[in-house]
Amino acid sequence: MRWWAGVGMVAGAVVLAACGETAGGTAGDGTAEGPSGSPSASVTVPSAGSCAAGHAEVTVAPGDAPRRELCVRPGTVLSLVLEPRIDDKRWTGARSSAPAFAVASGWRLDADGTAHASLRCAGTRGGTTVVTVTAKTPDVAGAARVAFTLDVSVVPYPTQG
């Protein structure tokens, strides 16, 4: 066995173990809790202790953490809502590091500065991808920089055998 295969198996086991719990756990109403334990509407989880399935919405507001983790089931559609930034930067686009697991299928920027990204997760495969969203000051030279990162773990349904 190659060394990287062993690392991949260990990483997969860690993802499966952590899949049912977000950074702050989940509230009784199915929304993720922030670090303080208070409910926030930033990540919608269908039921406590499970990965999101079908549709999941992640809302990023000014002052939120620049990196989040999300566990989803295959075939899930992610809606990423990026509220307007408080600095003079504007959201410019979303990109997946592994389109085989989650592909950015839509991007819309509203007049008020709110951005909407749509991501489709793999239909049957499991794996991880890093979705990065960039922001840039308009009319200023230079490339856009990563302003938000979403670590997406696609975890297949258990099979009976």
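**View 1. The largest nonpolar core and its best-connected members.** This core counts 24 residues, and those touching the most other members are Val72, Leu78, Leu80, Leu82, Phe148, Leu150 and Val152. Here a nonpolar core is a set of buried Ala, Val, Leu, Ile, Met, Phe, Trp, Tyr and Cys residues joined through side-chain atoms within 4.5 Å, with buried meaning under 20% relative accessible area (1.4 Å probe, protein chains only). Two or more residues each come from strand 3 (55-60), strand 4, strand 5 (77-82), strand 8 (115-121), strand 9 (127-136) and strand 10; strands are DSSP runs of E, at least two residues, numbered from the N terminus. We're looking at a predicted model, where local features need pLDDT of at least 70, side-chain atom pairs count only at pLDDT 80 or more, and totals for chains, interfaces and linings use all residues. Residues are numbered from 1 along each chain as its sequence is written, and side-chain values use heavy atoms, leaving out hydrogens and water.

**View 2. Phe148 and its contacts.** Skipping neighbours within four places in sequence, Phe148 is in contact (heavy atoms within 4.5 Å) with residues including Val60, Pro66, Leu80, Leu82, Trp91 and Val131.

**View 3. The open sheet of four strands.** Its order is 4-10-9-6, with mixed pairing; strands pair if DSSP finds at least two bridges between them. Strand 4 (67-72) and strand 6 (90-96) are the edges, each pairing on one side only. Strand 4 runs parallel to strand 10 (residues 145-154), joined by six bridges, and Cys71 stands opposite Ser153 of strand 10.

**View 4. Arg85 over Trp91.** The charged end of Arg85 sits over the Trp91 ring, 5.1 Å from its centre. That takes NZ of Lys or CZ of Arg within 6 Å of the ring centre and within 35 degrees of the ring normal.

Key. Buried < 20%, exposed > 50% of the residue type's maximum accessible area, 1.4 Å probe, protein only.
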